[in-house]
Amino acid sequence: MGDCAWPKSTGLLQAYHNEEWCRPNRDDRYLFEMLTLEGAQAGLSWSIVLAKREAYQAAFKNFDIEYCAGLSDTDLEAIKVNYQVIKHFSKLQSIRSNAQAVLKIQKEFKSFSDFLWRFVEYNPVINNWKTEGEIPSQTSLSILISKELKKRGIKFVGPVTTYSFLQAIGIVDDHIQSCKFHTLNK
């Protein structure tokens with residue numbers, strides 16, 4: 001039995017693969033963290049984002065949604081200068097606006113988790129890919145959820161980013177069949 005090959009380049013990627021990727025999670029704070037990090041990744045590599053994860057956690061109070069929703073442009077400028085986060089100001093502003101949108105979703109659906117997991121009837125999609133080359137970059141599910149997130153004001157959530165997000169929070173399990181971390185191998 002072998003693991004997925006993609007995370008072998010760094011210890012951070014390997015730890016993320018082994019401990020988080022494709023594991024179902026329903027904690028709104030964690031979901032917001034992954035939404036933020038996946039949005040930050042747009043145009044960059046996941047290893048760059050993971051290397052900055054601790055700085056993001058420090059800058060955004062461990063992704064406290066209410067805290068992030070209340071940040072001003074001045075606060076975001078200070079974070080840009082004082083923390084080793086990705087400096088793209090629109091991405092930083094999206095953390096605030098996405099937090100505001102998530103708070104509205106929580107009021108309507110009781111939790112961000114319920115909003116997301118209802119798309120799969122609260123059961124993860126467990127794929128059975130033989131090779132990583134079979135894993136799609138987007139699916140009809142990611143297209144649907146991307147549209148719903150955008151409709152609610154969430155930014156940096158195109159269908160490809162949304163698919164990565166769904167993998168990150170375990171709504172989708174895309175470990176290859178032979179990977180010991182695939183749901184069916186546990």
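**Exercise 1. Is Asp 3 buried or exposed?** Place the residue, classify it, then list its contacts.

*Solution.* The model is predicted.
- Step 1: Asp 3 sits in the segment before α1.
- Step 2: The relative accessibility of Asp 3 is 18%. Buried means under 20%. Asp 3 therefore counts as buried.
- Step 3: Set aside the neighbours within four places in sequence; Asp 3 is then in contact with Lys 8, Gln 14, His 17, Ile 176, Cys 179, Lys 180 and Phe 181.
- Step 4: Two of these partners, Gln 14 and His 17, are among the buried residues of α1.
- Step 5: For a distance check, take Val 125. Asp 3 and Val 125 are 122 residues apart in sequence, and their C-alpha atoms are 19 Å apart in space.

**Exercise 2. Which residues of α1 are buried, and which helices do they pack against?** List the residues, then the partners.

*Solution.*
- Step 1: In α1, Leu 13, Gln 14, Tyr 16, His 17 and Asn 18 are buried.
- Step 2: Consider helix geometry. An α-helix has 3.6 residues a turn, so residues three or four places apart point the same way.
- Step 3: Now name the partners. The buried residues of α1 pack against α2, α3 (46-51), α4 (53-59) and α10.

**Exercise 3. How do α2 and α7 pack?** Give the angle, the axis distance, the handedness and the residues that meet.

*Solution.*
- Step 1: Helix α7 covers residues 89-109, and its axis lies 10 Å from that of α2. The packing angle is about 145°.
- Step 2: The crossing of α2 past α7 is right-handed.
- Step 3: The α2 side of the contact is made of Asp 28, Phe 32, Leu 35, Thr 36, Gly 39, Ala 40 and Gln 41. The α7 side is made of Lys 91, Ile 95, Asn 98, Ala 99, Val 102 and Gln 106.
- Step 4: Sorted by class, this contact of α2 with α7 holds 6 nonpolar, 5 polar and 2 charged residues.

**Exercise 4. What volume does the largest cavity have, and which residues line it?** Relate the lining to the helix pair of Exercise 3.

*Solution.*
- Step 1: The count is 1 cavity of 30 Å³ or more.
- Step 2: The volume of the largest cavity is about 80 Å³.
- Step 3: Its lining consists of Leu 35, Thr 36, Gly 39, Ala 40, Tyr 56, Lys 91, Ser 94, Ile 95, Asn 98, Lys 155, Phe 156 and Val 157.
- Step 4: At least two lining residues come from α2, and at least two from α7. Leu 35 and Ile 95 are among the lining residues, and both also take part in the contact of α2 with α7.
- Step 5: By class, the cavity lining has 6 nonpolar, 4 polar and 2 charged residues.

**Exercise 5. Which element gives the largest share of the lining of the largest pocket?** Start from the volume and work towards the lining.

*Solution.*
- Step 1: The largest pocket holds about 320 Å³ of space.
- Step 2: It is lined by 15 residues; Trp 6, Trp 21, Trp 46, Ser 164 and Gln 167 are the closest to its centre.
- Step 3: Two or more lining residues come from each of α1 (11-19), α2 (28-41) and α10 (159-168).
- Step 4: α10 gives the largest share, 4 residues.
- Step 5: The pocket lining divides into 9 nonpolar, 4 polar and 2 charged residues.

**Exercise 6. Where do Lys 110 and Tyr 122 lie?** Add the phi value and the exposure of each.

*Solution.*
- Step 1: Recall the background. Most residues other than glycine have a negative phi.
- Step 2: Lys 110 is not a glycine, yet its phi is positive, about 80°. Lys 110 is in the loop between α7 and α8 (112-117). Its relative accessible area is 75%, so Lys 110 is exposed.
- Step 3: Tyr 122 also has a positive phi, near 65°. Its place is the loop between α8 and β1 (125-126). Tyr 122 has 39% relative accessibility and so counts as partly exposed.

**Exercise 7. Is Asn 127 buried or exposed, and is Val 81 buried or exposed?** Give the location of each and one C-alpha distance.

*Solution.*
- Step 1: Asn 127 is in the loop between β1 and α9 (140-151). At 16% relative accessibility, Asn 127 is buried.
- Step 2: Beyond its neighbours within four places in sequence, Asn 127 is in contact with Tyr 163, Val 172, Asp 173, Asp 174, His 175 and His 182.
- Step 3: Gln 177 is 50 residues from Asn 127 in sequence, with a C-alpha to C-alpha distance of 8.3 Å.
- Step 4: Val 81 belongs to helix α6 (residues 73-82). Its relative accessible area is 62%, so Val 81 is exposed.
- Step 5: Val 81 and Pro 24 are 57 residues apart along the chain, and 34 Å separates their C-alpha atoms.

Terms used
Residues numbered from 1 in each chain as written. Predicted model: local features only at pLDDT ≥ 70, side-chain atom pairs only at ≥ 80, totals over all residues. Heavy atoms only, no water. 1 Å grid on protein atoms, 1.4 Å probe; cavity = no way out; pocket = protein on both sides within 12 Å on 5 of 7 lines; lining within 4 Å. Points joined across faces, edges and corners; volume = space filled by probe spheres on them. Nonpolar A, V, L, I, M, F, W, Y, C, P; charged D, E, K, R; others polar. Axes fitted to C-alpha atoms, helices over the stretch in contact; angles between N-to-C directions. Left-handed = near helix turned anticlockwise from the far one by under 90°. Contact = heavy atoms within 4.5 Å. Buried < 20%, exposed > 50% of the residue type's maximum accessible area, 1.4 Å probe, protein only.
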